[in-house]
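Here are a few exercises to work through with the model open beside you. Try each task before reading its solution.

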Amino acid sequence: LSLIEKNKNFQYYPVLSHDSFWPGLKGYIDLNLISAKIQNLKNAEFYLCGPDAMTDNLIASLIHQGLH
């Protein structure tokens with residue numbers, strides 16, 4: 001989390017697929033979730049990790065929106 005302290009533009013949103021005790025975001029990361037958290041997608045950089053199906057789908061969605 002030191003990146004957050006060093007860069008005011010860095011945003012970190014951990015998302016767990018399922019955990020009954022996790023108070024944060026849960027579920028499948030998609031363009032709707034990202035759009036709800038990030039105001040200006042065109043100026044954003046994305047670092048993704050997770051299952052191939054999820055990251056492949058998300059990359060395709062970002063490209064479809066004209067983001068690279």
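The chain has 3 helices and 2 strands, where helices (H or I, at least four residues) and strands (E, at least two) are DSSP runs numbered from the N terminus. Before you start: this is a predicted model, so local features need pLDDT of at least 70 and side-chain atom pairs count only at pLDDT 80 or more, while totals for chains, interfaces and linings use all residues. Residues are numbered from 1 along each chain as its sequence is written, and side-chain values use heavy atoms, with hydrogens and water left out.

**Exercise 1.** Work out the order of the elements and the span of the chain.

*Solution.* Start at the N terminus and read along: the order is α-β-β-α-α. Next, take the principal axes of the C-alpha trace, which spans about 35 × 30 × 20 Å. Finally, check burial: 13% of the 68 residues count as buried (under 20% relative accessible area; exposed is over 50%, partly exposed in between, with a 1.4 Å probe and protein chains only).

**Exercise 2.** Place aspartate 19 and say how open it is to solvent.

*Solution.* First find the loop between strand 1 (15-16) and strand 2 (25-26); aspartate 19 sits there. Its relative accessible area is 32%, so aspartate 19 is partly exposed. Now go to glutamate 5, 14 residues away along the chain: the two C-alpha atoms are separated by 28 Å.

**Exercise 3.** Which residues form a nonpolar patch on the surface?

*Solution.* Look for Leu48, Ile59 and Ile63, which together have about 240 Å² of accessible area (Shrake-Rupley method, 1.4 Å probe, with only the protein chains shown counting as cover for residues). Patch members have over 30% relative accessible area and no salt bridge (a side-chain nitrogen of Lys or Arg within 4 Å of a carboxyl oxygen of Asp or Glu); like charges are joined within 9 Å, nonpolar side chains (Val, Leu, Ile, Met, Phe, Trp, Tyr) within 5 Å. Isoleucine 63 belongs to helix 3 (residues 52-64), and isoleucine 59 lies in helix 3 too. At 47% relative accessibility, isoleucine 63 is partly exposed; isoleucine 59, at 41%, is also partly exposed.

**Exercise 4.** Which residues lie nearest the centre of the largest pocket?

*Solution.* Of its 31 lining residues, pick out Gln11, Tyr13, Glu45, Phe46 and Tyr47. Helix 2 (31-37) and helix 3 are the elements giving two or more residues to that lining. A pocket here is an open set of points on a 1 Å grid over the protein atoms alone, where a 1.4 Å probe fits, with protein on both sides within 12 Å along at least five of seven lines; lining residues have an atom within 4 Å of a point.
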